[in-house]
Amino acid sequence: MAQEAKNQDLPPLVTRKAVKTKKELDILLADKGIRYYEEMEVFPVDTAALKKTLDATCKSRLRTWLEICAHCSLCADSCFFYLANDNDPKQIPSYKIKSTLGELVKRKGNVDTQFMINCMDTAWGKCTCCNRCGMYCPHGIDMGVMFGYLRGLCFSQGFVPHEMKIGSCMHWLYNAQMDVTVEDYVETCEWMAEENEEYYPGLEIPVDKVGADIMYVVNAREPKHYPQDLAEAAILFHLAGESWTVPSKGWEGTSLAMFAGDWACCKQQVEGVYAAMERLKVKRYVGTECGHQHRATITEGPYWAGRKSGEPPVPGFHYVEWVLEALETGKLKLDPAKKIKEPVTLQDPCNYVRNHGLTDVTRKIMSYIAEDFREMSPNREHNFCCGGGGGMNGIGRYRKERNIGLKVKRDQILATEAKFVVSACHNCWDAIRDLEEVYKIGIKWSFLKPILLDMVIVPDHLKPKEE
Amino acid sequence: MKKSKVALYIAIAGLSSLFIIGAVYAQDDIKSLKHDIFVERERPAALFPHALHTDKAEIDCLKCHHIYKDGENVWDESEESDCTACHSLKADDKKLPAMRAFHANCKECHAKEDKGPLTCGECHPRKK
Amino acid sequence: MYEFVSGPLALISFAIFFIGIIARIVLYVKGLDWQLDRVAYSEKLGAGIKGAARSLFHWLLPLNRTTANHPIFMGVTYLFHICLVIAPIFLLAHVVLIEESWNISWVTLPDKVADYMTLAVIAAGIFFLIRRLVDPNVKILTTVSDYIVLAIALAPFITGYIAYHQLELGAGYKSWLIIHILCGEIMLIAIPFTKLSHFVLFFCSRIQLGMDYGIKRGGAKGRGIAW
């Protein structure tokens with residue numbers, strides 16, 4: 001009784017609108033998801049609004065996919081959740097989408113709270129939107145795309161995992177997935193440049209340098225938790241002699257809003273980055289070693305921003321593309337003697353491999369840095385999701401499901417007999433770290449930057465002067 | 001007594017001759033459209049009881065048999081009566097190919113008169 | 001009865017079929033939205049066409065991973081669809097009827113070949129049916145309409161086989177023939193309105209996804225991904 005009374009005094013946590021104020025964010029953050037999910041259990045569905053959204057946005061592509069699915073089950077073993085859950089038929093992608101979005105469309109949005117909670121638990125807890133199933137469906141039905149759409153519907157009704165709600169709010173407030181302000185970021189840049197200038201004379205992290213060749217955009221985790229990553233990027237650009245800059249406003253390229261299905265927020269987020277491109281008149285964009293950042297800013301972003309060409313204002317590259325270019329043109333020279341001797345394998349991130357075709361770039365990089373490179377099987381666009389994509393790593397409610405899903409990646413890694421995994425993606429990196437924590441298979445994992453920095457030959461004129 | 005015996009003999013002779021004539025006639029009657037030009041048959045030759053069409057249905061010969069001169073059918077019994085002598089496997093000139101000629105000739109009439117079969121298997125029955 | 005089902009009813013069925021599938025294609029294309037689908041269909045048409053062609057090539061031919069992973073099922077599926085489409089279109093009896101009605105014709109199959117193809121369709125259909133009843137993965141997905149659609153697709157072949165071979169089976173040749181024609185017409189009419197619409201929507205969906213990959217998901221970069 002007392003508890004109920006107390007709850008009634010508090011502002012609601014579950015809302016159909018995105019949270020856009022610091023006050024609301026703080027309440028959400030303080031809750032840790034407990035009251036949040038309790039409220040959700042009784043949160044009503046606005047069926048009229050749902051129907052309206054469906055009518056306006058569920059068009060022929062999605063409806064056709066739902067209609068012509070032959071119920072053949074060929075997508076079953078394309079899904080790592082199906083495999084990790086001992087071939088549970090309830091994990092077949094087709095079943096998952098048919099019982100959620102399929103029903104929702106069939107009932108024209110006339111569904112109840114429990115139905116929507118099931119949609120949420122499926123769209124975020126049983127799918128990482130890795131899009132692998134779409135490659136195995138003879139009818140060309142991409143269930144990952146449909147789950148992305150379903151996430152949007154769920155978000156618009158307030159049925160979204162706690163951390164995703166927070167994620168979208170962060171983007172609304174900070175234009176970043178974490179509470180890092182422009183000032184914080186610029187400060188971190190200055191700090192990192194100062195910290196390393198001693199070892200790399202002339203090193204700088206140029207902020208807002210108009211007319212630079214490259215605009216480098218990061219993931220907020222880097223300034224917030226791993227500022228060394230920013231320093232590494234700066235050093236490598238410096239050694240390669242690049243003309244580069246980081247923007248102040250528009251510095252962050254990730255989009256938890258994309259994982260949350262908050263499309264309005266996606267638009268705001270990516271437009272900030274595009275504005276920076278235009279403001280700084282750069283020749284191209286290079287994003288950090290993040291998978292979903294590339295997808296959000298380069299692949300999907302142009303559409304949210306209403307760019308008919310489907311392209312960002314300047315050509316967009318993933319960090320691995322820049323690395324390969326620097327290695328192939330000799331801008332960066334690695335010491336062959338320092339190549340990794342032990343067996344090493346490579347994680348192909350869905351978001352820029354399956355979803356942007358960068359299938360061979362990372363392999364070519366591996367030939368520069370590894371003596372004994374072992375492919376996972378399957379690999380390239382057929383690779384399995386790390387197990388933590390689509391926001392899954394960050395959602396407490398699905399931790400158990402996530403950890404079960406990791407088994408597929410674990411077994412793939414074990415089969416290579418390599419103890420070292422290269423992962424040029426934050427999400428994959430996290431998933432592999434957690435995989436080691438859960439299953440203890442004795443592996444190491446790394447981004448490319450530290451590896452490259454270990455091996456790079458510093459040109460004489462850039463070496464610190466002996467005193 | 002003698003008279004009646006003669007009459008009986010006459011009657012027997014008459015009846016038997018009828019049978020013989022019938023038998024002879026039957027041998028001459030055409031039962032199917034088995035033509036040698038159809039080398040590779042997909043179906044058994046079509047049944048075609050000629051007498052049924054001429055004697056019973058009393059269809060004019062010229063309904064089927066034809067040789068056109070100046071738009072007029074000038075066929076008579078002295079002329080060619082093997083359809084495939086003119087209608088070959090493939091279409092030539094203005095003449096229909098044999099199969100179409102047969103199908104058109106039979107089916108159009110059957111449909112028009114609402115008599116006789118129209119379906120494939122009724123004309124081309126499989127031997128049981 | 002025969003004249004009715006093979007005459008006006010056939011005409012109506014063909015009309016519904018053709019108008020129906022054209023309508024499905026038109027509605028599909030009209031319902032595409034570059035921004036909602038997040039594919040720059042018209043701005044990057046060239047890359048889109050390349051992607052679409054690649055997608056069709058790899059899936060109309062068994063050059064895809066799904067066939068490699070499931071050779072038996074996909075083999076049966078390819079055989080089923082090839083026979084299901086080829087046999088009725090190039091069956092001598094069908095072509096003869098069309099030629100006599102509309103004066104157009106095309107090459108035909110020897111009846112013997114068409115006969116084996118018909119048996120292949122029926123056998124594949126039974127395989128699908130058993131799979132639906134037995135395989136837990138398929139069972140969980142199966143709805144009543146899946147059985148109905150399978151029945152609609154198989155009925156013309158089963159009854160066609162009976163009619164062609166003039167099997168008695170309680171009804172006699174002429175009845176079976178009429179039933180066969182009716183079954184074919186039911187299938188034609190059902191195509192635009194049921195899951196059988198994948199007759200054309202398969203191509204729409206494959207082309208769309210091929211364009212998606214050709215335009216957005218890597219078509220412009222790397223070696224291109226096939227689906």
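**Exercise 1. Into which domains is chain A divided?**

Solution. Keep in mind that this is a predicted model. Start at residue 47: domain 1 of chain A runs over 47–156. Next comes domain 2, at 182–325, and then domain 3, at 335–455.

**Exercise 2. Describe how domain 1 and domain 3 of chain A meet.**

Solution.

Step 1: get the layout. The C-alpha centres of domain 1 and domain 3 of chain A lie 27 Å apart. To the contact, domain 1 of chain A gives 19 residues and domain 3 of chain A gives 21 residues.

Step 2: look at the area. About 1,700 Å² is buried between domain 1 and domain 3 of chain A, and carbon and sulfur atoms account for 63% of that.

Step 3: hunt for charged pairs. You should find one salt bridge between these two domains. A:Arg397 and A:Asp121 form a salt bridge, with their closest N and O atoms 2.9 Å apart. That passes the test, because a salt bridge needs the nitrogen within 4 Å of the carboxyl oxygen.

Step 4: add the polar contacts. Between domain 1 and domain 3 of chain A, eight residue pairs are in polar contact, both partners being at pLDDT 80 or more.

Step 5: see who supplies the domain 1 side. Helix 6 (80–84) and helix 8 (113–125) of chain A each bring at least two residues. Helix 8 of chain A has the largest share, five residues. Sorted by class, this side of domain 1 has 10 nonpolar, five polar and four charged residues.

**Exercise 3. Work out which chains touch, then look at chain C against chain B.**

Solution.

Step 1: sort the pairs. Two pairs of chains touch, and chains A and C have the most contacts. Chain A and chain B do not touch, with their nearest C-alpha atoms 36 Å apart.

Step 2: size up the contact of C with B. Chain C puts in 19 residues and chain B puts in 17 residues. The buried area is about 1,600 Å², 50% of it from carbon and sulfur atoms. On the chain C side, C:Glu100, C:Tyr164 and C:Gln166 supply 33% of the area that chain C buries here, more than any other three residues.

Step 3: count the links. Three salt bridges cross the interface of chain C and chain B. One salt bridge joins the side chains of C:Asp111 and B:Arg43, at 3.9 Å from N to O. There are also 10 residue pairs in polar contact across the interface of chain C and chain B.

Step 4: name the elements. On the side of chain C that touches chain B, helices 1, 7, 8 and 11 of chain C give two or more residues. Helix 7 of chain C has the largest share, six residues.

Definitions and conventions:
Residues numbered from 1 in each chain as written. Chains lettered and ligands numbered in written order. Predicted model: local features only at pLDDT ≥ 70, side-chain atom pairs only at ≥ 80, totals over all residues. Heavy atoms only, no water. Contact = heavy atoms within 4.5 Å. Buried area = accessible area lost by both parts, 1.4 Å probe. Polar contact = N/O pair within 3.5 Å; in protein donor to acceptor, adjacent residues only side chain to side chain. Helix = DSSP H or I, 4+ residues; strand = E, 2+ residues; numbered from the N terminus. Domains from an automatic or database assignment. Nonpolar A, V, L, I, M, F, W, Y, C, P; charged D, E, K, R; others polar.
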